[in-house]
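Reader: I am new to this structure and would like to go through it slowly, one question at a time. Could we begin with its charges and then move on to its fold?

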Amino acid sequence: MSSADKTMEDRIVDSYRQDEDMMILVFAQWCVNQGLDPLSLYKKAYPDQAGNERLSRGLALTVPKEEAGEIPDSTVMGVLSLFGNDDLAAVVAEAIMLRDRLDKS
């Protein structure tokens, strides 16, 4: 592999990681906005995984609900699906259904 190819590959990988970090931040901020614990939802989706350092870093970047902009359910579901986080998307969908059921009560 040439140096130029390696440089291009590194840029692509870095770009994907940045996009993935944005997905993590969207998920974490959505959870904060909903009064949910992102680490608990993640653990429910992926019980066999140890702690997730990138999620912890993303969580550190969240702001209180009062300072955050609204993140529609469709946005968080879309970014999770885009990155193939189907198990986490299923847990988020379950949380949305529970929230909606409680709101109707």
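Reader: How far apart do the centres of the positive and negative side chains lie in the protein?

Author: In this predicted model, the protein carries 11 positive side chains alongside 19 negative ones. When the centre of each of these two sets is located, the distance that separates them comes to 2 Å.

Reader: Which kinds of secondary structure element does the protein have, helices or strands?

Author: Read from the N terminus on, the elements follow the order α-α-α-α-α. The count of strands is zero, and what the protein has instead is five helices.

Reader: What percentage of the residues in the protein is buried?

Author: The C-alpha atoms fill a box of roughly 65 × 30 × 25 Å along the principal axes, and the protein exposes about 7,000 Å², of which carbon and sulfur atoms supply 56%. A residue is called buried if its relative accessible area is under 20%. Among the 105 residues of the protein, the buried share is 30%.

Reader: Where does Thr62 lie, and which residue has its backbone oxygen 2.7 Å from a polar atom of the Thr62 side chain?

Author: Thr62 belongs to the loop that runs between α3 (53–60) and α4 (73–82). Leaving aside residues up to four places away in sequence, Thr62 touches Leu25, Ala28, Gln29 and Val32. The backbone oxygen that lies 2.7 Å from a polar atom of the Thr62 side chain is that of Leu59.

Note on methods:
Residues are numbered from 1 along each chain as its sequence is written. This is a predicted model: local features need pLDDT of at least 70, side-chain atom pairs count only at pLDDT 80 or more; totals for chains, interfaces and linings use all residues. Side-chain values use heavy atoms; hydrogens and water are left out. Helices (H or I, at least four residues) and strands (E, at least two) are DSSP runs, numbered from the N terminus. Buried means under 20% relative accessible area, exposed over 50%, partly exposed in between (1.4 Å probe, protein chains only). Accessible areas come from the Shrake-Rupley method with a 1.4 Å probe; for residues, only the protein chains shown count as cover. Lys and Arg count as positive and Asp and Glu as negative; His and the chain ends are not counted. The place of a charge is taken as NZ of Lys, CZ of Arg, CG of Asp or CD of Glu. A polar contact is a pair of N or O atoms within 3.5 Å; within protein, one must be able to donate a hydrogen and the other to accept it, and residues adjacent in sequence count only if both atoms are side-chain atoms. Contact means heavy atoms within 4.5 Å.
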